[in-house]
Every structure is written in structure tokens, then in C-alpha cells.
Amino acid sequence: MRSCKLETGLQSCRTAACAALVVLLSQVAAAFAQEGSLSAGNRTFSSGYRFVELSGEELFVNVCQGCHMVDAAGATGAGSYPSLAGNQNLEAGNYPIYLVVNGRRAMPAFGDLMSDGQIAAVVNYLRTHFGNNYQDTVTASDVRGARRINAAGTQN
Amino acid sequence: MGSEPAVVKRRDLLSLIGAMAGSAAMYHAMTSLGFASESPYQGPIRLEGDPKGASVLILGAGLAGMTAALELRKAGYQVQVLEFNSRAGGRNWTLRGGDSFVELGGFTQTCEFEQGLYINPGPWRIPYHHRALLDYCKRLNVALEPFIQLNHNAFLHAAQAFDGVPQRIRSVRADFQGQVSELLAKATRQGKLDEAVSKEDQEILLQALRSWGALDRNYNYESNLISAEFRGYENAPGGGLSAAPSAGDPIGLSDILRSRLWRYLRNFASYNFQTTMFQPAGGMDMIGKAFAKELGDVIRYNAKVTQVQQDDRGVTVSFMDTENSASTQQATADWCVCTIPLSILSQLQIDVSTATKSAIDAVPYAAAVKVGLQFKRRFWEEDDAIYGGISYTDLPIRQIAYPNTGFNRTGRGVLLGAYLFDGANAFEFTAMTPAERVVHAVDFGAAIHPQYRSEFENGVAVAWHRVPFTLGCSGDWSEEARAQHYRNLCQIDGRIVLAGEHASALPAWQEGAILSALDAITRLHGRVVRT
């Protein structure tokens with residue numbers, strides 16, 4: 001594998017002497033406690049252009065949550081990021097696969113940043129969390145199929 | 001005239017034109033002959049002909065929208081601008097102490113920088129060849145100062161090389177250039193270039209390599225005062241009894257190659273980053289503010305556009321007052337210049353052709369994150385002798401950029417502690433809370449400047465996908481999408497024309513926004529005057 005994981009947990013952060021940082025760290029810890037999510041020490045930083053996160057949850061927390069937010073409820077400014085919670089567009093697994101691979105409007109394309117397995121993992125995670133309960137899993141070969149359709153130019 | 005050469009050399013022709021017709025004519029001749037074509041900007045736009053009171057509604061008070069407003073008003077149009085934010089400028093934006101910013105998700109930051117210190121979360125540097133932007137700065141009295149792209153004494157850093165110790169740009173560059181020169185000189189002297197380079201040219205090449213690479217008389221790059229003049233000294237020349245300089249040891253070629261530090265050298269070579277670069281004194285938003293001051297109450301703030309309709313008589317835009325979101329209002333005009341970022345425009349109802357709509361939908365927006373950090377003192381100057389410029393690293397923060405103003409002062413300073421653009425880390429930083437981004441920027445940056453640990457005070461972090469008024473940094477065109485959709489995006493569609501960095505060949509640059517606006521209103525005006 002070209003890239004390796006680079007864990008820089010806050011525990012390893014040599015900042016104990018710095019009062020300002022301690023304050024910040026406690027704010028972060030509080031934020032995480034509110035969010036009920038992974039501890040701050042589990043932040044992952046990819047070492048190359050592509051993501052190294054493998055599990056659906058890890059991908060959601062480190063990538064999707066940037067726009068769709070911690071609870072997947074989305075957000076609205078001059079435009080919106082849609083809520084993925086209880087979202088019926090996730091019913092057909094190929095639709096979210098297509099969007100993650102190719103992007104659409106405000107949604108960036110992640111086809112070059114994630115492997116087939118990563119995309120399948122994050123789609124499966126979304127389809128079984130946040131009030132979604134679609135038990136049929138998608139597979140890496142479904143993602144491969146979506147890439148082929150795109151390469152053939154029969155969609156877009 | 002019999003001795004006139006049959007073929008006039010290009011340079012001779014130019015001096016002839018220059019002598020006979022003056023420098024302006026020579027400039028035009030140079031441009032048409034392929035010299036000096038550094039900008040498509042042709043000087044202040046002249047929209048000739050009477051628009052007969054036609055009205056234009058401009059959506060967005062960023063640089064594209066305000067350029068269009070300024071020039072169309074000057075040409076006799078009635079103009080009105082609708083802006084989502086409570087300020088003008090859009091991505092032309094500066095955060096200072098006391099400023100508050102709420103990103104999507106409701107995370108609120110209040111910048112705690114000392115008065116006079118700031119960061120530019122968006123654009124921060126202006127190439128000398130961005131002539132349109134420079135011209136507007138001149139016309140609007142925006143004072144510029146140098147932006148330092150290359151500081152020889154800043155660092156290049158690779159976490160896995162040189163035990164994590166950052167290296168001076170000066171040394172890496174000199175040692176790389178010197179040892180490549182040495183190799184090439186060796187190949188030349190061994191006759192390995194005989195097929196490619198004539199004997200006469202080989203002699204000159206050797207002289208050039210010796211001069212350019214700081215080689216000694218045997219064409220070697222060694223630890224001596226010749227290379228030290230390029231790479232720096234172990235003990236710099238002094239005075240009196242401590243006067244004698246001494247040379248340090250060059251970094252070995254293999255170490256440079258394997259460290260991959262060479263990959264940052266292009267940041268000092270490519271056209272967009274060549275000297276001279278500029279920044280507005282006091283913050284990038286001085287430009288947006290100057291435009292807004294000139295435009296006055298033509299701009300209506302806090303107006304969130306929800307729909308753009310057109311028919312053969314005019315354009316109707318629905319918008320909500322974000323201060324009083326219950327009410328939808330409408331604005332009408334004969335024409336519309338729409339500069340709303342495509343990430344947002346693609347979500348709105350807009351009456352345009354299928355081809356235009358497909359183009360609007362085809363451009364995702366790049367991820368980018370900037371983190372500004374305030375420190376108790378300017379340790380990068382006091383301890384490390386780094387005055388402005390940028391250090392590059394392969395850590396997720398990518399760069400540390402030092403302030404290009406306020407040099408050599410005691411007291412606090414703010415530096416750019418991270419600038420991530422595209423790639424996995426930019427998304428990973430976006431997915432954090434602002435406070436986490438600051439913590440991680442400090443933690444990573446301390447690998448380059450250990451002083452971070454004791455000197456850090458506070459920070460702000462902007463992740464562009466969480467910026468409510470853009471939902472992303474800039475239009476991220478793929479080559480395929482550009483080939484298929486770019487012309488359709490720029491065409492006038494009925495009574496609507498799009499402008500902005502996304503409608504330019506200079507994505508993410510302010511110059512692209514301005515050139516796009518000038519091109520769009522030139523075509524629009526042509527249509528208005530003809531009809």
C-alpha cells in the first residue's frame with residue numbers, strides 16, 4: 001500500500017505545558033462528548049492524496065461529516081447539504097454509490113480518493129445508521145460496476 | 001536601401017516600430033508577435049453605446065459581481081446587487097480580532113487576534129501578471145505590499161527524513177542544483193553528451209554549470225566557500241578576530257532525492273508563484289471594501305436568492321431577507337449577471353437551457369482549509385531569522401506561512417498555521433470542529449517550530465466546505481467537464497449570464513473572477529446595444 005496511517009492522537013500531543021492548549025483540548029473533548037462520537041485521539045490523517053480510513057464509521061467521521069454533520073442531518077447556508085438521516089434516496093444502494101464515485105452539484109466526487117471497498121463500506125454504514133435500516137449490503141464489485149458505467153459515458 | 005536584409009528580424013522590426021510610433025504601438029506590436037502577452041487584460045473596459053436605461057440585476061457582491069456592477073453603472077445601466085452576506089467581498093475576506101464567524105453546523109468562532117493582526121482565509125496573494133486585479137487596486141486606491149513566496153531561509157520539512165529536522169530552502173536548493181550540475185559536468189567531460197551537444201557548446205556548458213551550480217575548478221560540488229556562498233555558511237563572515245567564514249556539509253544528493261524535498265521547489269518556479277507577488281496592506285478584504293465603498297447602496301445585503309426566473313421581457317429573482325426570513329421578495333431587471341457559486345446555484349430553481357443547467361451541475365467544489373495562529377512573539381523571526389515567506393511540509397498542515405508585514409517588531413504575531421488544498425487531509429480537517437483544527441495545526445506545526453508549545457495563544461480555522469456562502473473553495477473543473485460544459489456555462493442564456501472564478505480559466509484566482517466579469521458584461525453590452 002502506497003500510503004500509511006499517521007495517527008496523531010491528542011494523547012501523543014506534547015502540549016501539557018501549554019495552558020492555552022489545555023483549554024482548547026478540554027473544549028475539544030467537550031465537543032466530542034456532546035457529539036457522542038469517536039474520542040479525539042482517534043482522528044485519522046491520511047498520508048497521501050487518498051484516504052486511509054477503512055471502516056464505514058471511520059470514513060463517515062473523517063470525511064462525510066465535514067458537510068453532512070455529526071448527526072448526518074446536513075446543514076443550510078446560501079445552499080444546503082442534504083440530511084442523510086432517514087433518507088429514502090439511500091434505499092437503492094447504487095444511487096449513493098454513484099454519488100460518492102462521481103459527485104453531483106455541491107457533492108465532491110470521491111472516486112479518485114477512495115477504493116471500491118472504502119466506498120462500499122461508507123455506503124453500507126450510511127444505509128444502516130442515522131435512522132436508515134437497509135439490510136441488503138452493497139459490495140466493492142457494485143462500486144466497480146458504477147465506475148465502469150461512468151467510464152463508458154452512458155451516464156452523467 | 002539596397003543593403004536592406006531580405007528578412008527583417010523580429011527584434012529589429014520592434015525597435016523600428018518603437019522609434020517611429022512610440023512605445024504604445026510597440027507594446028501592441030509585441031503582443032501580436034507573441035512577446036509580452038502576460039495578461040488578456042486590455043486596460044480599463046470601455047462599454048461604448050447607449051444602454052438606454054436598461055437595468056441589470058447582479059447576484060453576488062464578490063469581486064466578479066462588484067466588477068460587473070461598477071462597470072455597468074459607469075456605462076449607464078441601472079444596477080442592483082443582491083448579496084447573501086452582511087458584507088461585500090465574498091471569498092475576498094479577512095478575519096481580524098473581534099470578528100465572529102459561524103460555519104455550517106453552527107460552530108461559532110470569535111477571532112481573538114490582537115488588533116492589527118489578521119489572516120486571509122481565502123485568496124492571499126496576487127501574481128504580478130494579474131493585471132486586471134492590479135488595475136482595480138490602483139483605481140480604487142488599495143495599497144499593496146510584497147507577498148513573499150520564496151524565502152530562502154524558510155524550511156522544507158519531511159516527517160520521515162533527516163530525523164524530522166526541517167531543512168533550509170536555501171541549502172536544499174543549492175545542494176540539489178549543485179549536485180545535479182556536478183553530475184551533468186561529469187557526463188559532459190566523459191563524452192557522454194557528445195551526440196547531443198557540440199564540442200564548442202560543451203565548453204560553454206561546463207562554464208555555465210560551474211557558475212550556476214557553485215562547482216569548484218574540478219567541477220565538483222563540495223563543502224567549501226564556493227558552495228557556501230549559495231547554501232549558507234556554518235560560520236558566517238564576521239568582523240575582527242571572528243571574521244573568517246567556514247563552510248558546512250552539503251546534504252547528499254541521495255538524501256535529497258529520498259526525502260522528496262525537491263518536490264516543493266516547483267512552488268518557487270511556476271508562473272503563478274513567480275516574483276513579484278503582492279498582498280493588500282492590512283488584509284485582502286481591503287479590495288472588497290474598496291469596491292463596496294465605490295458602489296455604495298447599490299448593494300443589498302442579507303439577501304438569500306431562492307429562484308431565478310426569466311422570460312423574453314426580463315428577469316425576476318426571488319430572495320429572502322436573512323434577517324427576516326419569513327418574507328420572500330422579488331427583484332426584477334432587464335438582464336442578470338449571476339456570480340453565485342455553482343455549488344449553490346446548482347441547487348436553485350433557475351430558468352436556463354438544459355445545456356446551461358448541465359454545465360452548472362457539472363462542477364464540484366474543491367476542499368480547502370486555512371488555520372491562523374497567534375503567538376506571544378514572532379519567534380520565527382527572533383529565533384529562526386525567517387522574515388515572511390512559506391515553509392512547506394509533508395505533514396497534513398502542508399504549509400506554514402509567515403506574515404509579510406510588521407517585520408522585526410517585538411510583540412505578538414499571527415502566522416498561517418495550515419493551508420490544505422484538495423486531497424484527503426483537506427476533507428479530514430473539514431470534518432473536525434474549528435477548535436480541533438486549531439489543536440492539530442499547533443501539534444503538527446510544533447514538529448517544525450518547537451516554540452509553538454510555549455508561545456501559542458489562540459487560533460481560527462476556516463474549512464471552505466463549511467463556509468455558508470460558498471459550500472466549497474472554488475470550482476474544481478475536470479478536463480472532461482471543461483471540454484464538455486465550459487462554453488455553455490459562459491454563454492449568455494436568454495437574459496442571464498454567469499460570471500465568477502468558476503467561469504474562467506484561472507480557477508480559484510481573483511483575477512479569474514474579474515476577467516470573467518469583464519468578458520461577460522462586454523458580451524452582454526454588445527447584445528443590449530444591438531437590440
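Among contacts in chain B between residues at least 6 apart in sequence, 69% link residues at least 24 apart. These figures come from a predicted model. Chain B contains 16 helices and 25 strands, and its C-alpha trace extends over about 80 × 80 × 45 Å along the principal axes. Of its 531 residues, 48% count as buried.

Helix α13 of chain B (residues 434-445) makes a handy example of burial. Twelve of the twelve residues of α13(B) are buried, so this helix is largely enclosed by the rest of the structure. The buried set is not restricted to one kind of side chain: it includes Val438(B), Val439(B) and Phe444(B), but also Glu436(B), Arg437(B), His440(B) and Asp443(B). The length of α13(B) also fits expectation, because at 1.5 Å a residue its twelve residues should span 16 Å, and the C-alpha atoms at its ends are 16 Å apart.

Turning to the nonpolar interior, the largest core has 173 residues. Those with the most contacts inside this core are Ile119(A), Val56(B), Ala68(B), Cys336(B), Val337(B), Val369(B) and Ile514(B). Helix α16 of chain B (residues 510-530) gives the most to the core, with nine residues. A second, separate core has six residues, among them Ala174(B), Ala185(B), Leu209(B) and Tyr221(B). The surroundings of Val369(B) can be followed residue by residue: leaving aside neighbours within four places in sequence, Val369(B) is in contact with Ala418(B), Leu420(B), Ala426(B), Phe429(B), Thr430(B), Arg437(B), Ala461(B), Val462(B) and Ala463(B). One of these partners, Arg437(B), is also among the buried residues of α13(B).

Where the two chains meet, 41 residues of chain A are in contact with 41 residues of chain B. On the chain A side, α1 (19-35), β2 (44-46) and α2 each supply at least two residues, and the largest share, seven residues, comes from α1(A). By class, the side of chain A that touches chain B divides into 25 nonpolar, twelve polar and four charged residues.

Helix α2 of chain A (residues 56-68), a contributor to that interface, also packs within its own chain. Its axis and that of helix α4 of chain A (residues 116-127) come within 8 Å and cross at roughly 90 degrees, which makes α2(A) roughly perpendicular to α4(A). From α2(A), the residues Gly56(A), Glu57(A), Leu59(A), Phe60(A) and Cys64(A) meet Gln118(A), Ala121(A), Val122(A), Asn124(A), Tyr125(A) and Leu126(A) of α4(A). This helix pair brings together seven nonpolar, three polar and one charged residues.

Methods
Residues numbered from 1 in each chain as written. Chains lettered and ligands numbered in written order. Predicted model: local features only at pLDDT ≥ 70, side-chain atom pairs only at ≥ 80, totals over all residues. Axes fitted to C-alpha atoms, helices over the stretch in contact; angles between N-to-C directions. Helix = DSSP H or I, 4+ residues; strand = E, 2+ residues; numbered from the N terminus. Parallel < 35°, antiparallel > 145°, perpendicular 65-115°, else oblique. Contact = placed C-beta atoms within 7 Å. Nonpolar A, V, L, I, M, F, W, Y, C, P; charged D, E, K, R; others polar. Core = buried A, V, L, I, M, F, W, Y, C linked by C-beta atoms within 7 Å. Buried ≥ 20, exposed ≤ 12 C-beta atoms within 10 Å, placed from the backbone. Expected span 1.5 Å × (residues − 1).
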